[in-house]
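Reader: Please present the structure and explain the terms by which it is described.

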Amino acid sequence: IRFWSNIPFITVPLSRAHGKSFAHRSELKHAKRIVVKLGSAVVTRGDECGLALGRLASIVEQVSMLQNQGREMMIVTSGAVAFGKQRLRHEILLSQSVRQALHSGQSQLKDMAIPVLEARACAAAGQSGLMALYEAMFTQYSICAAQILVTNLDFHDEQKRRNLNGTLHELLRMNIVPIINTNDAVVPPPEPNSDLQGVNVISVKDNDSLAARLAVEMKTDLLIVLSDVEGLFDSPPGSDDAKLIDIFYPGDQQSVTFGTKSRVGMGGMEAKVKAALWALQGGTSVVIANGTHPKISGHVITDIVEGKKVGTFFSEVKPAGPTVEQQAEMARAGGRTLAALQPEQRAEIICRLADLLTDQREEILLANKKDLEEAENKGRLALPLLKRLSLSTSKLNSLAIGLRQIAASSQDSVGRVIRRTRIAKDLDLEQVTVPIGVLLVIFESRPDCLPQVSALAIASGNGLLLKGGKEAAHSNQILHHLTQEALSIHGVRDAVQLVNTREEVEDLCRLDKLIDLIIPRGSSQLVRNIQKAAKGIPVMGHSEGICHVYVDMDASVEKVTRIIRDSKCEYPAACNALETLLIHRDLLRTPLFDQIIDMLRVEQVKIHAGPKFASYLTFSPSEVKSLRTEYGDLECCIEVVDSVQEAIEHIHKYGSSHTDVIITENEKTAEFFLQHVDSACVFWNASTRFSDGYRFGLGAEVGISTSRIHARGPVGIEGLLTTKWLLRGDNHVVSDFSEHGSMKYLHESLPLPQRNAS
């Protein structure tokens with residue numbers, strides 16, 4: 001805790017030797033000294049007369065929060081001219097209205113013309129008001145602000161430059177936020193562009209160059225330039241092919257076409273880029289971002305400091321491989337080529353991958369051993385996750401078998417006709433299956449997921465982006481290499497991409513123009529985070545696997561313990577493992593109930609008692625904290641119900657619509673349960689563990705979906721397809737089908753073509 005003026009605030013560990021800019025966004029959280037440059041378009045209202053008070057208040061709040069973390073914040077602000085223009089217009093209107101009222105009467109007030117106001121006069125009138133506004137806002141957060149007005153001469157005069165430097169350092173030492181602006185009341189008109197010839201030469205002719213000069217002079221870690229565009233685009237924003245540049249490197253200027261400057265202000269994007277590159281040369285990292293967008297302006301500064309993918313980040317370190325955006329585009333192009341292959345060719349790729357899994361077994365297991373050793377040494381994975389991380393010969397053999405199943409079942413997946421209709425004479429309509437597009441699959445711990453998902457994407461003709469956990473980095477790397485080797489036999493190597501850059505999952509979820517479907521595979525927390533972060537991209541999956549087994553009063557003694565043991569103990573970390581055991585009240589204190597409890601104790605399953613179950617016992621196990629718990633380990637909850645109807649109601653209230661089971665010999669009760677339980681998978685006298693794509697005969701699955709749209713339950717090839725409509729006509733137009741037209745609708749169903757028998 002630090003104290004200043006008796007106000008305590010939390011500090012964060014921030015230390016870094018200045019001289020070299022940050023190489024990656026993720027390092028920005030270590031920035032201690034930060035300059036925030038507020039462009040005219042950010043500070044002023046849309047009518048250019050007056051300030052955008054809501055945006056300014058939000059910016060002040062973010063700066064205050066970072067300042068109270070122990071960072072040293074400085075603001076380079078525009079807005080004096082706009083604020084002064086508002087005040088002077090008001091004064092002129094007031095004086096004119098008095099004169100007009102005296103000489104011409106009220107009727108001519110509406111015809112008054114406001115003269116063009118000189119910018120320097122506006123700046124003189126607006127500076128004091130702008131600073132008073134900043135002071136009032138920062139006071140709300142117990143932070144003091146100080147104003148500094150500068151001109152180009154202050155940087156060229158060595159004594160003034162030293163004085164400025166000393167003043168700023170003293171203010172920062174006292175936990176005061178300096179607010180700097182060019183002294184527009186006396187500044188001369190901008191000179192021809194003769195600067196930026198070297199790292200020590202930059203003239204201050206707008207606030208972009210001022211911010212860059214100040215950042216280098218003060219050895220700041222980060223310069224944030226806020227404007228009215230999302231960042232730097234490869235062509236003028238608004239043009240059809242304009243794409244936001246995530247990371248900009250020195251030397252990339254040739255690939256950028258600059259448009260006009262913003263509606264207000266001295267500079268444009270070209271001036272910002274020149275200033276940013278100059279600051280970057282001086283060792284300061286730079287981000288240009290949008291400070292006006294209502295959905296992001298409230299957290300844009302803090303998001304940048306946290307390393308989130310916001311705006312354009314300027315870096316001197318170019319990554320060895322493609323960016324994730326480039327990978328997504330490669331996956332889309334590769335996926336389209338993949339979809340155009342013959343079914344036999346796609347099947348051949350999958351079979352080749354299956355062969356490689358067994359042929360390269362030793363190399364795969366060696367890479368997996370490295371991952372396991374690193375995870376155990378760092379102690380960052382719980383035992384269930386370590387089990388998921390582990391590969392074995394038997395797992396690889398099972399994977400290969402599953403992949404060959406996918407190859408065999410995928411012969412007519414893409415392009416299959418599922419409906420044919422004769423609309424009219426010589427006008428036939430078909431609905432056919434097509435790939436979804438580009439899939440983003442995010443998975444934790446389980447490297448065996450990579451070949452499974454890759455095979456399903458190949459079979460369905462989808463491009464694929466894979467983001468695995470760093471705990472499985474070595475395993476994922478070799479499995480992806482083998483996948484691309486298999487794809488290469490038909491020239492579609494780029495269709496499956498492994499994201500190796502430092503992309504945060506939240507940033508990947510924002511690529512709505514590049515990704516068509518996100519499939520998370522991992523913990524319930526991961527799935528919830530992705531569902532929350534995804535902006536405009538559908539998410540297929542389930543956040544929890546709270547699976548129930550209901551033991552009915554007519555259950556078979558021989559079946560009960562076998563099914564419960566398999567459901568809970570065979571693989572307790574799986575999402576389809578039993579978590580809550582519901583027992584009919586009439587079975588309490590019977591030999592069957594005792595057998596269930598004894599079996600769970602032998603298997604070392606920790607039992608938690610539900611409220612009703614606990615009420616029946618004198619000495620009960622620990623009462624469950626929540627009936628909506630996914631344990632993922634050798635633990636389960638036992639609860640008592642009075643009937644099958646109450647069991648169903650309990651499942652609907654506390655379950656996750658994943659997999660639920662009834663054990664009974666009463667067929668009528670079983671059918672009632674099967675028809676009324678609203679879950680993705682509902683079983684009778686079978687283990688919950690059968691809820692799996694491989695066991696369903698799908699070959700493998702990309703996950704289990706509990707959503708109600710498109711795909712539900714274990715999702716195999718069919719769940720990765722959508723449809724399109726093909727209409728074949730011969731000079732048909734809608735007007736021919738009007739009341740007085742020559743044609744009539746037939747809407748006849750036509751037989752479907754025969755499916756491939758294989």
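**Terms and values**

Author: In the protein chain, 75% of the contacts (heavy atoms within 4.5 Å) with a separation of 6 or more are between residues 24 or more positions apart. This is a predicted model, in which local features need pLDDT of at least 70, side-chain atom pairs count only at pLDDT 80 or more, and totals for chains, interfaces and linings use all residues. Residues are numbered from 1 along each chain as its sequence is written, and side-chain values use heavy atoms, with hydrogens and water left out.

Reader: Why is α22 called roughly parallel to α23?

Author: Helix α22 (residues 644-654) and helix α23 (residues 667-676) pack at about 20 degrees, with axes 10 Å apart. Angles under 35 degrees count as roughly parallel, and therefore α22 is roughly parallel to α23. The crossing of the two helices is right-handed, a term for a near helix turned clockwise from the far one by less than a right angle. Val 644, Gln 645, Ile 648, Ile 651 and His 652 of α22 meet Thr 669, Phe 672, Phe 673 and His 676 of α23 in this contact.

Reader: What makes Arg 589 count as exposed?

Author: Exposed means over 50% relative accessible area (1.4 Å probe, protein chains only); Arg 589 has 63% relative accessibility and therefore counts as exposed. Arg 589 lies in the loop between β18 (578-584) and α20 (591-602).

Reader: What is stated about phi of Arg 589?

Author: Most residues other than glycine have a negative phi. Arg 589, not a glycine, has a positive phi of about 60 degrees.

Notes:
Axes fitted to C-alpha atoms, helices over the stretch in contact; angles between N-to-C directions. Helix = DSSP H or I, 4+ residues; strand = E, 2+ residues; numbered from the N terminus. Parallel < 35°, antiparallel > 145°, perpendicular 65-115°, else oblique. Buried < 20%, exposed > 50% of the residue type's maximum accessible area, 1.4 Å probe, protein only.
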